[in-house]
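Here's a quick look at aromatic rings and the groups around them. Have the structure open while you read.

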Amino acid sequence: MLSEGEAKELLSFLTLEMRADVKGQATGYILGLTGNRDGCRYLRSKQDFLKALVTLTCDPSIAIVKDCYHSLINLSADETLHQPLVKETDLLAILFQNLLDPEYMFADRICTILSNLSRHERTCRDVFNALQEQKIGLDKVVEIFCTEGFNKKASLHYLGPLLSNLTQLPEARHFILDKDKCVIQRLLPYTQYEESSTRRGGVVGTLRNCCFDYAHHEWLLSDAVDILPYLLLPLAGPEELSEEENEGLPVDLQYLPEEKKREDDPDIRKMLLETLILLTATKVGRQIMKNKNVYPIMREFHKWEKDPLVISACEKLVQVLIGDEPEAGMENLMEVEIPKDVEEKLKELDAKEQEQMEKDKQESEKKQNESPEGLER
């Protein structure tokens, strides 16, 4: 790494007043440093460098601004840099102000940085607070996200993961689930947004997080929101169901065409199933999902699915759908108290199950990637 003298000299080049060619070499060097973990950890203790990078996102040179954003993306991917970035610089204020500009060409990089910074709850709260302090609010983020073509120079897909991360917080979930704002109804169509799995996954993650608030389950499953078809359609295939099974389904899931395809991202399929499992936590949720004939969709999905982690989630859902109702006093599965020793044992068994499924998945992928002997690749 740099000596103190070298670091001081390099820092002197990272100013708005410096000649563009010298400044460009300096930002290029910093970008190289952020390309590996040791370089990122070195810069963690160099707060003046972090401040300089943030300042230079306003540089007149597009090449220099690009280097700075790439460096900040790399730095924000390292959790140990989150607090220095949000506490020691004006990063969040600058990012949010630029995000509001529909002509800003680096808006996608801003969304990536915000998504990285909000992954863990501590800094997620800093991001959420900055939204309020900048008088932007979550409603503006949702509005930008739902406005197709808001920025002609950026897709803004990574606002999806940002929304998902923010809904770790009760305050964010409260806003999304406000019955008077119709926010969740605006997000639901994006569970089938074909142009971007990032945007789809972000919305599904948001819905999953919101479903931890079980007091809203009946409303979410009611006609006012009608969340069920939006969760089931990506999991439904073209298989023929009996007339009786079809008629018991929500209208949007009846008699699907032969060309109907399922969600192709296994992580998104797993999140959809986890959201459905959360909705079965309450008695009213289980009754509605049984009445809406969810089981046949899951039965056919289980036959089709190949990913072991997704299969496991599907089986957990099916067990609830076809199982007997819990005994009196245990109707709300999210309120049932499990003895500490039993909880630890269940966690241990679940960890072993996940580990074994990951091994099976890796072994399966390895076999699929092996070329037949004697054939040229």
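## Tyr193 and its partner

Tyr193 is buried, with a relative accessible area of 12%. That label applies because anything under 20% counts as buried. Keep in mind that this is a predicted model.

Tyr190 is buried too, at a relative accessible area of 10%. The rings of Tyr190 and Tyr193 make an aromatic pair, with 5.5 Å centre to centre and 45° between the planes, so the geometry is tilted rather than stacked or edge-to-face.

## Arg199 over two rings

Tyr193 also has a charge to deal with: the charged end of Arg199 sits over its ring, 5.2 Å from the centre. Which other ring does the charged end of Arg199 sit over? That would be Phe145, with 4.4 Å to the ring centre.

## The wider aromatic count

Going by the ring-centre rule, there are 6 aromatic pairs in total. One of them is Tyr69 with Tyr104, which is edge-to-face: the centres are 6.3 Å apart and the planes make an angle of 75°.

This pair ties together distant parts of the chain, 35 residues apart. Tyr69 belongs to helix α5 (residues 62-76), while Tyr104 is in the loop between α7 (91-99) and α8 (107-117).

## Burial and a cluster

Are Tyr69 and Tyr104 buried or exposed? Tyr69 has 0% relative accessibility, so it counts as buried. Tyr104, at 14%, counts as buried as well.

Phe106 joins in here: together with Tyr69 and Tyr104, it forms one aromatic cluster.

Key
Residues numbered from 1 in each chain as written. Predicted model: local features only at pLDDT ≥ 70, side-chain atom pairs only at ≥ 80, totals over all residues. Heavy atoms only, no water. Phe/Tyr/Trp six-rings, centres within 6.5 Å; stacked < 30°, edge-to-face > 60°. Helix = DSSP H or I, 4+ residues; strand = E, 2+ residues; numbered from the N terminus. Buried < 20%, exposed > 50% of the residue type's maximum accessible area, 1.4 Å probe, protein only. Lys NZ or Arg CZ within 6 Å of the ring centre and 35° of its normal.
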